[in-house]
Amino acid sequence: MDLTSEHPFWLVRNGLIRNYPPLDRDLECEVVVLGAGITGSMIAHRLAKLGLKVVVLDRRDVCTGSTSASTALLLYEIDIPLIEMAKTIGLANAERAYRLSHRSIDDITRMVDELQTDCGFSRRKSIYLASHRHTAKQVADEARARKKIGLDVAYHDQDSVAECFGLQGVAAVSSNQAASCDPYRLAHALLKSAQDQGAQIFDRTEVVDFRFTELGAILLTARGMRVSAKFVVIATGYESQSLLREPVVNLDNTYAMVSQPLSDLSPWNVDWMLWEAKQPYLYLRITDDRRLLAGGEDDAFHNPKRRDTIIDAKCNLIESKVRNLIPDLKWEREFSWAGTFGKTKDGLAYIGSTAELPHCLFALGFGGNGITFSSIATNVLADQICGKPNADADLFRFGR
């Protein structure tokens with residue numbers, strides 16, 4: 001599947017930081033990770049640190065799938081608000097999901113600090129904005145629900161929104177539990193660290209078949225190579241649905257743009273990230289090289305050609321919304337792109353095993369929380385592979 005338009009920003013900005021050879025021999029390992037984007041790289045990094053013999057395979061050049069198009073707003077807030085999620089999966093489970101997502105921001109911060117890599121990572125303030133009165137009550141109710149379970153939030157009424165952020169919104173919830181990064185550079189840094197700790201990484205290597213034994217799995221590649229492993233971690237994102245009979249994701253497109261670097265960000269603040277309390281929502285932030293990055297206008301995925309032909313029209317709408325929201329910020333658009341992403345019925349990732357594919361563990365961090373869900377998946381799957389119980393695995397199980 002073509003997951004991105006031709007020129008996603010991170011790939012244009014960074015180029016091919018590092019590539020790896022295609023697999024040209026048979027291998028045996030303890031864990032093979034399919035997918036070398038941000039999710040697969042996090043998992044490979046953790047498992048290699050634990051001393052496991054890891055092989056990573058990707059049919060593309062590493063990090064050039066969805067990771068290269070991600071806008072990397074690292075929010076603990078899940079696409080489905082806490083109060084709505086509670087109606088679907090129960091209050092206790094919804095609160096647990098939000099606490100896990102909240103904690104994942106700290107986990108990612110520690111991971112980046114440990115890597116000591118320049119990936120544009122920075123802690124941010126998130127602003128969840130109600131632009132109209134019909135969403136203001138939802139935002140106020142959401143603020144109360146999050147405060148009740150001890151999450152870091154502040155509620156802002158209309159006057160406070162204008163005074164604190166210079167926005168013409170009706171209400172907002174802000175939080176300091178947010179971050180942003182260049183996901184492409186972060187994924188590359190994780191893969192390099194995994195390799196330094198013994199992981200073997202191969203790109204341009206397509207897996208065309210799985211064979212299962214009592215002891216594990218054998219993966220066959222398009223070049224006729226075989227990789228034998230006790231566990232297979234499938235981190236191929238939105239393409240993973242093709243391996244499953246159970247319907248777990250609906251595919252959508254999102255559209256994004258970045259400005260030229262800005263010398264003056266006034267009246268905006270480099271440390272703020274914004275997203276709207278509506279569907280689909282407008283979202284925006286400032287990159288580490290001081291560009292305005294904004295996106296939204298999501299629609300249903302049909303095919304890559306149709307998606308790519310409307311990028312300019314969609315980004316014109318995004319640009320108009322941003323200019324109306326922050327009229328005094330001066331900027332010009334420089335890059336536009338589109339990417340495909342997926343949503344689940346309850347807003348949560350799918351993590352763990354399914355009876356459909358023995359010896360396989362999935363890490364499918366769908367929705368706008370892909371990177372934070374990847375962090376959660378890393379913790380859950382590391383425990384499962386090492387034979388340790390994980391109290392949160394049931395939240396993300398298949399068949400739920």
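Q: What makes the lining of the largest cavity three nonpolar, four polar and two charged residues?
A: Ala, Val, Leu, Ile, Met, Phe, Trp, Tyr, Cys and Pro count as nonpolar, Asp, Glu, Lys and Arg as charged, and the others, Gly among them, as polar. The lining is Leu129, Ala130, Ser131, His132, His134, Thr135, Glu276, Ala277 and Lys278, so Leu129 is one of the nonpolar ones and Glu276 one of the charged ones. By the way, this is a predicted model: local features need pLDDT of at least 70, side-chain atom pairs count only at pLDDT 80 or more, and totals for chains, interfaces and linings use all residues. Residues are numbered from 1 along each chain as its sequence is written, and side-chain values use heavy atoms, leaving out hydrogens and water.

Q: Why are α2 and α4 called roughly perpendicular?
A: Helix α2 (residues 38-49) and helix α4 (residues 91-115) pack at an angle of about 65 degrees. Angles under 35 degrees count as roughly parallel, over 145 as roughly antiparallel, 65 to 115 as roughly perpendicular and the rest as oblique, so α2 is roughly perpendicular to α4. The angle, on a scale from 0 to 180 degrees, is taken between N-to-C directions of lines fitted to C-alpha atoms over the stretch in contact.

Q: How do you know which residues of α2 meet α4?
A: Contact means heavy atoms within 4.5 Å. By that rule, Met42, His45 and Lys49 in α2 meet Ile108, Met111, Glu114 and Leu115 in α4. This contact has four nonpolar, one polar and two charged residues.

Key:
On a 1 Å grid over the protein atoms alone, a cavity is a set of points where a 1.4 Å probe fits but cannot get out, and a pocket is an open set with protein on both sides within 12 Å along at least five of seven lines; lining residues have an atom within 4 Å of a point. Helices (H or I, at least four residues) and strands (E, at least two) are DSSP runs, numbered from the N terminus.
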